[in-house]
Amino acid sequence: MVKIKMPKVQEALAVTPALPPERAAPSPAEGVPPSDFVIRIRNLNLWYDGTPALHDVTLDLPRCKVTAFIGPSGCGKSTLLRCLNRLNDLIDGVRMSGSIHVSGQDIYDPFVDVTELRKRVGMVFQKSNPFPKSIFENVAYGPRIHGVRNRSDLDAIVQKSLERAGLWNEAKDRLNRNALELSGGQQQRLCIARALAVDPEILLMDEPCSALDPVSTAHIEELFFDLKTRYTIVLVTHNMQQAARASDRTAFLLQGRLVEVGSTRDMFTNPRKSETQDYITGRFG
Amino acid sequence: MTEASISRRWRRRTDLLARWVVRAGGMAIIASVLGIFVFILIEVAPLFRRARAASAPEVPVPPTFLLAGVDETEELAFGISAPGRVEFIPLTEREAPAATELPGFSGRTPTCVFRPLREEEIDVGTADGRLVTASVRFRVGFGEATEDWRSSRTITPETSEPTVLQLDPQEKPLQAVARQSDSRGLVAAAITEDKRLVYLCVLEKKTLMGGVKRTEHRADLTGELPAAPTALTIDGSLENIYVGTAAGHVVHFDIRDLDAPRKVGFDTVRAAGSTPVTAMALLIGDQSLVVGEESGALSVWFQVDDAASSTGKALRRIREFPSHPAAVTAIAPSARDKGFATGDRAGRVRVHHSTSGRTLLSLEGDGSAVTQLVMTPRATGLLALHESGRISRWRIDNPHPEITLQTLFGKVWYEGYNEPAYSWQSGGGTDDFEPKFSLTPLIFGTLKGTVYALLIAVPIAILAAIYTAQFMHPDLRNLIKPTIEVMAALPSVVLGFLAGLWLAPAMERYMPAVLLMLIGIPASTLLALGAWLLLPSRLRGRSRGRLEIVLLMPVLVLAGAACFALGGPLERALFGGDFQQWWYETTGLTYDQRNAVVVGIAMGFAVIPIIFTISEDALSNVPRHLVSGSLALGATRWQTAVRVVLPTASPGIFSAIMIGFGRVVGETMIVLMATGNTPIMEWNLFNGFRTLSANIAVEIPEAPHGGTLYRILFLGALLLFAATFLVNTAAEMVRMRMRARYARL
Ligand SMILES: Nc1ncnc2c1ncn2[C@@H]1O[C@H](COP(=O)(O)OP(=O)(O)O)[C@@H](O)[C@H]1O
Ligand SMILES: [Mg+2]
């Protein structure tokens, strides 16, 4: 069980010797070989109706690790996250430059099949958004979309996904009940199960716990440890403790710029930039 | 008192006031809707009220009196008594006018009377085989003015000089007579005491010299009868004589050649056994024949088409009434409608209505046989002369005798029809006409109009709503949605006018082109889409719906033009150059210019905006995060629209359709102007119909206040009210459930 309240971030982290300062990216931190960076973002700029929201972001995210995006509200964390599964396509007036490669493929190439990309890059939203259907249908939605028709296959996928999302025991007797009858934390885990059901490589989570009570939050954070054995997780959070507890690497954004990225331990014990220091210690944000 | 506490009190007061105003407003709405409902109900209820009769004091009559009629004011009954006097019997507290001698009688005894409906003449048969015809007229005058106008009213009978014809050459007493005349002359027939049937026709022709040429034709028809005659009647158009026999036959003579009656055929009243026919009478309009029997059985007959018959028609027993317990001895038709009264040998009197097939009243007389029965001219009273020499009297309150659930909603066998049918035909201008008040063709018409309109409106409106809410570029959407909403403000009379006067003739001319467009427009849209997808993605750009729509417009216009251009050749190639003719020959169905398709399009057009707006709202109110959730799973926009947005918005779309349904059901102007308002029951695409709402508009000028038609129109309104009320309530309930559901999303 993860502790829910932590008096001080530094206290929670094992004090480790500071690593020598490095350039933010590309950074083969913690001995990750460069080939293991599954997402590579290069010189990403983004404008909403001409207003810049991201400025020259260059960042690599390692495979099977939890990377946290932290930063004050409005700094562009969600925007950056939505770039990774091209959900920004839906917003009018978005213009961008730069490139993003996922597993070596340029996802903004005109020939990319967006639905295929989104199948590989799953997403869990800040506000849980189960469909007004049964629990089973919610989880089976993705596989059905992608052509799974066989009932026993669907049954297996639903069970596996719910198990991975830690919801199977609570939901197995009420698979045909409306998903909206679940509690908030259960609904969020259902959304995680729904995202897992299409078998993604990467899981984007945009403040998945911000609307949840502490017990549900702890429950989901616990999940990260299991999930990162299979999935690359990108976690947006404005909760410092959560970033510290749950992530391996942390990227700090400020006003659309990437200020600093590194291993979570380094960031929290020994930030290189003074802005990072100020933010982590709660001087602003 | 501080300022804060004043403002708090002030706030409390306005709050209270606002609450009461809102509550009162709500209550007023509920009350007025309920009030309308109750008002309609009050107008409709008398339709189903039972007939009532109040018995009036009996009056004695002189010996050997034969009852002939009652005056218009129902104050004097009159008849014939031996030896040939017209006697007047006061029915109110007034003095009897002196009896008048009829000169032609000269001491002979009257044996029977006959009185054609609504004529002033009475016909008296005598003991020496003569027919004496005289008119009895009543002049109403007013004496010196008093408070009570009734008592000052004077009624003066005037009796004309009678005409006398020797009907039976053998001068035997006549048992029953019948006489009718028109401009050509006179036809009379009688049954004599020795059971002969004699026939006399007197024709009068004006000669060039200004004189009158009189010819007489006599016939003894006894030989044609299968058994001894017992009752007879002649119709007012001088075409048929019907004779009942002692062995239970109804014999039909065709007298259209007035000088030579021809037997058409006969039928027996009972399939097995025989019971003498004891009374016969034609109802107003001279089509329905009421036959009463010795057994007390009572039936209505009329002619229907029959190829086997020499005249092409044959007399059929159409309906049966409950039997009298004793022989039917007298039948009195009403001069107002298809009602009639019957009296029997045990002194009972009953009132019936032919169309509804219902016995409305059963009355007890004085216990002795009814010998004669008379209905007052306005059908509000009934006089029965009994063997005992007394007249029993009733006042009858029976304003809507023909209305039953069966006549309103079921099949009814009307006069002149070959089989029972649903029919609406409220009036023919005269009392002779049998009104046909079946609401079924109107309900059918309402459903037909609704189905065709919704068939056109629902797919267009909902597909448009899906497209607008889910796929259209927001800029376009902000333009299109208000535009379509403005369309809803178009008065339906304008749409009806356009549909009736422009669309209907245009469609008639270009029907094949219109049919072609049904295929051509979607096909060209699909082709354009295919071509678009073939374009290199760089050319397509990221227009997200704006460019596509702009490019589609000329394609649609071209496709429409092409359909029109090809319409003519297509009509020549497939339909032999004339679609209407081809349709009639292929399907046997007619093509009316103002038909269901025209109405469907016009009425569809009228409800598309409302269905579109409500569905579009429901669709775009589906929370964005559900759409993002689906897209983030790799669903396409179409999959998202169909699998997430549509199911979530379905209650809203359902309620949009229901509200559209409610609008179409009550829509009046369009159907009024764009259908022929023909109350027929066919699903044929290309003929008209009449809806309940249009019916009200069409018939209002014909419906006097308080009359049967007036109340039936209210019944139609009640049905419409109930239908829209139910549908709107259902829609509202669904909407409420949806709101509860969205609250949890
Ligand atoms: N759909 C949008 N249209 C216009 N501006 C947006 C939109 N979404 C976000 N922004 C702007 O972009 C900036 C970054 O927002 P966001 O990525 O949501 O920040 P964060 O998730 O870090 O709170 C903010 O200034 C916000 O106002
Ligand atoms: Mg955010």
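## Ligand shell, cores and chain contact

Helix α2 (residues 77-84) of chain A supplies 3 residues to the shell around ligand 1, the most of any element. This is a predicted model, and the two of us went through it piece by piece.

Biologist: How many residues of the shell around ligand 1 are nonpolar, polar and charged?

Modeller: The shell includes Tyr48(A), Ala53(A), Gly71(A) and Ile91(A). Also in it are Ser73(A), Gly74(A), Cys75(A), Gly76(A), Lys77(A), Ser78(A) and Thr79(A). Sorted by class, they come to 4 nonpolar, 6 polar and 1 charged.

Biologist: How confident is the predictor in chain A, and where does pLDDT stay under 50?

Modeller: Chain A has a mean pLDDT of 85, with 87% of its residues at 70 or more. There is a stretch where pLDDT stays under 50, though the model still has 49 contacts beyond four places in sequence for it. That stretch is residues 1-31 of chain A.

Biologist: Is Asp56(A) buried, partly exposed or exposed?

Modeller: Asp56(A) sits in strand β2 (residues 51-62) of chain A, and its phi is near 50°, a positive value in a residue that isn't glycine. Most residues other than glycine have a negative phi. As for burial, Asp56(A) has 14 other C-beta atoms within 10 Å, so the class is partly exposed.

Biologist: And Asn677(B), what is its burial class?

Modeller: Asn677(B) has a positive phi too, near 55°. Its place is the loop between α13 (669-674) and α14 (692-699) of chain B. Buried would take 20 or more neighbours, and Asn677(B) has 19 C-beta neighbours inside 10 Å, so it counts as partly exposed.

Biologist: Which helix gives the most to the largest nonpolar core?

Modeller: That core has 149 residues, and those with the most contacts inside it include Val234(A), Val598(B), Val599(B) and Ala602(B). The biggest contribution to this core is 17 residues, and it comes from helix α10 (residues 596-620) of chain B.

Biologist: How many residues does the other core have?

Modeller: The other core lies apart from the largest one. Among its residues are Ala68(B), Leu167(B), Leu221(B) and Leu385(B). Its count is 91 residues.

Biologist: Back to Ile670(B): which residues is it in contact with, leaving aside neighbours within four places in sequence?

Modeller: Ile670(B) is one of the residues with the most contacts inside the largest core. Ala499(B), Val599(B) and Ala602(B) are on that list as well, and Ile670(B) is in contact with each of them. The full set is Ser492(B), Leu495(B), Gly496(B), Ala499(B), Val599(B), Ala602(B), Met603(B) and Ala606(B).

Biologist: What radius of gyration does chain B have, next to a compact globule of 745 residues?

Modeller: Chain B has 15 helices and 31 strands, and buried residues make up 40% of its 745 residues. Its C-alpha atoms fill a box of roughly 120 × 90 × 55 Å along the principal axes. A compact globule of 745 residues would come out near 27 Å, but chain B has 37 Å.

Biologist: Last one: which element gives the most to the side of chain A that touches chain B?

Modeller: The contact takes 24 residues from chain A and 19 residues from chain B. On the chain A side, α3 (114-120), β6 (121-124), α4 (135-145) and α7 (184-196) each give two or more residues. By class, that side has 12 nonpolar, 6 polar and 6 charged residues. With 4 residues, the top contributor is α3(A).

Conventions:
Residues are numbered from 1 along each chain as its sequence is written. Chains are lettered from A and ligands numbered from 1 in the order in which they are written. This is a predicted model: local features need pLDDT of at least 70, side-chain atom pairs count only at pLDDT 80 or more; totals for chains, interfaces and linings use all residues. A residue is buried if 20 or more other C-beta atoms lie within 10 Å of its own, exposed if 12 or fewer, and partly exposed in between; C-beta atoms are placed from the backbone. A residue is near a molecule or strand if its C-beta atom, placed from the backbone, lies within 6 Å of it. Ala, Val, Leu, Ile, Met, Phe, Trp, Tyr, Cys and Pro count as nonpolar, Asp, Glu, Lys and Arg as charged, and the others, Gly among them, as polar. A nonpolar core is a set of buried Ala, Val, Leu, Ile, Met, Phe, Trp, Tyr and Cys residues joined through C-beta atoms within 7 Å. Two residues are in contact if their C-beta atoms, placed from the backbone, lie within 7 Å. pLDDT is the predictor's confidence in each residue, from 0 to 100. The radius of gyration is taken over C-alpha atoms; the globule rule is 2.2 Å times the number of residues to the power 0.38.
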